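Let's take a walk through a protein model together. Have the sequence and the 3D view ready, and follow along.

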Amino acid sequence: MKKTLIVAAVAASFATAANAQSSVTLYGIVDAGFTYVNNEVASNTAKGSAAAFRMTSGNLSGSRWGLRGAEDLGGGMKAIFTLENGFSVVNGQAGQNGRQFGRQAFAGISTAQFGTVTLGRQYDSVVDYLAPMTANGSWGGTYFSHPFDNDNTDNSFRVNNSVKYQSANYSGFTFGGLYGFSNQAGGFGNNRAYSAGAQYANGPFKIAAAYLQLQNPNTNITSGAVTDTGVLATNTMAAVQTQRTYGVGANYAIGPVTVGGAWTQSRFQFVMGDSTARFNNYELNGRYALTPALSLGAAYTYTDVKGYTAGRNSNDHMKYHQFGLQTDYALSKRTDIYAEGVVQLAKQGAEAQVYGTNNVSAHGNQVVVSTGLRHRF
């Protein structure tokens, strides 16, 4: 009897050790709320615009569920994978044009000393390094995005067919890069993407920079590097030949207050003619934790657009002013409620549209107010 107990104990120990070497985690976010938009173009009204009241999903964080796994290969090396599905909580439909794992889908190898290499459908370096310095890329959500999300800080698109490297953390310094293949015979440069970025964190201070380039994202749209909607081309009804985005951002925490800023520039070369667009986005943001549960956030973005001669508007110099306020209250470690408002003022003939709404404004300004509940699991 004693020998039997010893054998059982040893077997249980080996089973526990084997299980500890590999793991699969189910995780997700459900974000549901209501949104009011004061001014959207509508064909069924005499004035040409109307207010909209909608139940919405993913106001602050895109609703999602995913599987994340790791297996210890020994010597500090791990095999990893992530499969992440985006969905709308208001109707149950899959996001990212109906993809099963449209948010992320990749596998790779990770080492504590040298970093991580992954292959699949992934975020670019702007999303990884620079976006956390902006309001929409950290706490603000979609409606705080820069006009059209022209710099992809709200990850409007992911990169397919991509190989990605992310370094280990070297005393607060991290860096990485990504290359997305076109997967097209005889068209290596048709719909490919590449990016690079870096971030440095030292106590309360963080600074980051990133670069992203897309080539012919409107060609080879079924199997190329960029096959999502959300790039500027979709919003302007003009085909983009080249997009170059780069920028820097920083933030600093002073007790319960975190202040930050970011500058990004996106340059677009359109397919038809010699038309181009250059977006400069200048953002200031701040967040104040009044209590461990209650926080307030505010952001202002000034966007200057030059050379915008394709699509809906032929003006060659337009300006946008955007203001946002948010309050968030944590009911628990995993559940919070929020309310926020965003105002966008379009100048010099520009059409206002807060990113994430259904249509442009008919009168040069647009106001969005949203509230909801977010649960993480």
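Let's start with one residue, Gln166, which counts as partly exposed because its relative accessibility is 29%. Here, buried means under 20% relative accessible area, exposed means over 50%, and partly exposed lies in between, using a 1.4 Å probe and protein chains only. Gln166 sits in strand β7, which covers residues 159–166. Who does Gln166 touch, leaving out residues up to four places away in sequence? Gln166 touches Gly115, Thr116, Asp128, Tyr129, Phe175 and Gly176, where a contact means heavy atoms within 4.5 Å. Ser110 is 56 residues away from Gln166 along the chain, yet their C-alpha atoms are separated by 9.2 Å.

A quick word on what you're looking at. This is a predicted model, numbered from 1 along each chain as its sequence is written. Local features need pLDDT of at least 70, side-chain atom pairs count only at pLDDT 80 or more, totals for chains, interfaces and linings use all residues, and side-chain values use heavy atoms, with hydrogens and water left out.

**How sure is the predictor?**

The pLDDT score gives the predictor's confidence in each residue, from 0 to 100. The chain averages 89, and 88% of the residues score at least 70. Residues 1–18 stay under 50, and the model gives them zero contacts beyond four places in sequence. Over residues 233–237 the pLDDT is also below 50, but that stretch has 12 contacts in the model beyond near neighbours in sequence. Where pLDDT is low, the predicted coordinates should not be read in detail.

**The whole chain**

The chain has five helices and 17 strands. These are DSSP runs numbered from the N terminus: helices are H or I with at least four residues, strands are E with at least two. Of the 377 residues, 45% are buried. Among contacts with a separation of 6 or more, 60% are between residues 24 or more positions apart.

**Strands side by side**

Two strands pair if DSSP finds at least two bridges between them. Strand β1 (residues 22–41) has several antiparallel partners, and β15 (residues 317–330) joins in elsewhere. Here are the pairs:

| Antiparallel pair | Bridges | One facing pair of residues |
|---|---|---|
| β1 and β2 (residues 49–57) | eight bridges | Phe34 and Met55 |
| β1 and β3 (residues 64–74) | eight bridges | Ile29 and Arg64 |
| β1 and β17 (residues 365–376) | nine bridges | Val37 and Val368 |
| β14 (residues 294–306) and β15 | 13 bridges | Asp304 and Lys319 |
| β15 and β16 (residues 335–347) | 12 bridges | His321 and Leu345 |

How many residues lie between β15 and β16 in their hairpin? There are four residues between them.

**Inside the protein**

A nonpolar core is a set of buried Ala, Val, Leu, Ile, Met, Phe, Trp, Tyr and Cys residues joined through side-chain atoms within 4.5 Å. The largest one has 12 residues, including Phe148, Val240, Met318 and Ala352. β12 (257–270), β13 (276–289) and β15 each supply at least two residues of this core. A second, separate core has 11 residues, among them Val126, Val159, Ala193 and Ala225.
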